[in-house]
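Reader: I'm new to looking at protein models, and I'd like to learn how to read one. Could you walk me through it, feature by feature?

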Amino acid sequence: MTNEDVIIRLAGLEERAKQIEQNIQIVEENSIDLEKLKLGIEEIKDSKGKEILASIGRGIFVKARLEGDEFLTDVGGRNFVKKDINDIQGLISENVDKLKEIKVELFRELEDLNGELQDTLESVESASEKE
């Protein structure tokens, strides 16, 4: 393997490691958001008739009064399905579990990359010792 090949290989490994680290950060942020959502939904439980601040997006809220304990979830294509609190909490828990699995897989990929990096560096060192 030429020096140029080694440099290209190391640069590729470094780029892939950065991508994986960014993906891990995204997964962690999404996990935090889902945990906050779980807490928010728990606060709504048994709050029928109470006034809340409902987010309508981008940090904008409107006062609203809860009329029931059903939620509407977007299942795609602006199609909505009614769900109760337990169903919603179950969906959130499933998503949290999926994110945990993804995070574990990303860490495995990162470990594999570190192994490849070590192997590449060791081969360069052994090649330079032979010269």
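Reader: Let me start with one residue: which residues does Ile 92 touch, not counting residues up to four places away in sequence?

Author: Before that, keep in mind that this is a predicted model. Now to your residue: leaving out anything up to four places away in sequence, Ile 92 touches Leu 34, Leu 37, Lys 38 and Ile 41.

Reader: Okay, and how do I fit that into a bigger picture?

Author: Here's the general idea: in soluble globular proteins, nonpolar side chains tend to be buried together. In this model the largest nonpolar core has 15 residues, and Ile 20 and Ile 92 are the ones touching the most other members. Helices α1 (3-44) and α2 (85-130) each supply at least two residues of this core. The one that gives the most is α2, with 8 residues.

Reader: How do I read whether a residue is hidden? Say, is Thr 120 buried or exposed?

Author: Look at its relative accessible area; under 20% counts as buried and over 50% as exposed. Thr 120 has a relative accessible area of 4%, so it is buried. You'll find Thr 120 in helix α2.

Reader: What is Thr 120 in contact with, leaving aside its neighbours within four places in sequence?

Author: Its contacts there are Val 6, Arg 9, Leu 10 and Leu 13.

Reader: Let's try two more. What are the relative accessible areas of Gly 12 and Asn 3?

Author: Gly 12 comes out at 37%, so it is partly exposed. Asn 3 has 63%, so that residue is exposed. Gly 12 sits in helix α1, and Asn 3 has its place in helix α1 too.

Reader: And how do I read distances between residues along the chain?

Author: Pick two C-alpha atoms and put the spacing in sequence beside the spacing in space. Asn 3 and Ile 24 are 21 residues apart along the chain, and their C-alpha atoms are separated by 31 Å. For Gly 12 and Arg 65, which are 53 residues apart along the chain, the C-alpha separation is 54 Å.

Reader: Now strands. How many bridges join β3 to β4?

Author: A general point to carry with you: in a regular strand the side chains alternate between the two faces of the sheet. As for the pairing here, β3 (residues 70-74) and β4 (residues 80-84) run antiparallel and are joined by 5 bridges. You can trace the partners yourself: Asp 74 has Phe 80 as its bridge partner in β4, and Thr 73 stands opposite Val 81 in that strand.

Reader: What happens in the turn between β3 and β4?

Author: The two strands form a hairpin with 5 residues between them, and Gly 76 in the turn has a positive phi of about 115 degrees. Look at Arg 78 as well, which lies in the loop between β3 and β4. Arg 78 has a positive phi of about 55 degrees although it is not a glycine. With a relative accessible area of 65%, Arg 78 is exposed.

Reader: How do β1 and β2 pair?

Author: They pair in the antiparallel sense, over 6 bridges. One pair to find is Ser 55 with its bridge partner in β2, Phe 61.

Reader: Which residue takes a positive phi in the hairpin of β1 and β2?

Author: That's Arg 58, with a phi near 50 degrees, in a hairpin that has 2 residues between the strands. Arg 58 is not a glycine either. With a relative accessible area of 85%, Arg 58 is exposed.

Reader: Last one: how do I read a pocket?

Author: The idea is simple: rolling a probe the size of a water molecule over the atoms shows where empty space is left. Here the largest pocket has a volume of about 340 Å³. It is lined by 13 residues, and the closest to its centre are Gly 40, Ile 44, Ile 52, Leu 53 and Ala 54.

Reader: Which elements supply the lining of the largest pocket, and what is it like by class?

Author: Helix α1 and strand β1 (51-57) each supply at least two residues of the lining. The most comes from α1, with 6 residues. By class, the lining has 7 nonpolar, 3 polar and 3 charged residues.

Definitions and conventions:
Residues are numbered from 1 along each chain as its sequence is written. This is a predicted model: local features need pLDDT of at least 70, side-chain atom pairs count only at pLDDT 80 or more; totals for chains, interfaces and linings use all residues. Side-chain values use heavy atoms; hydrogens and water are left out. A nonpolar core is a set of buried Ala, Val, Leu, Ile, Met, Phe, Trp, Tyr and Cys residues joined through side-chain atoms within 4.5 Å. Buried means under 20% relative accessible area, exposed over 50%, partly exposed in between (1.4 Å probe, protein chains only). Helices (H or I, at least four residues) and strands (E, at least two) are DSSP runs, numbered from the N terminus. Contact means heavy atoms within 4.5 Å. On a 1 Å grid over the protein atoms alone, a cavity is a set of points where a 1.4 Å probe fits but cannot get out, and a pocket is an open set with protein on both sides within 12 Å along at least five of seven lines; lining residues have an atom within 4 Å of a point. Grid points are joined across faces, edges and corners, and a volume is the space filled by probe spheres set on the points. Ala, Val, Leu, Ile, Met, Phe, Trp, Tyr, Cys and Pro count as nonpolar, Asp, Glu, Lys and Arg as charged, and the others, Gly among them, as polar. Two strands pair if DSSP finds at least two bridges between them.
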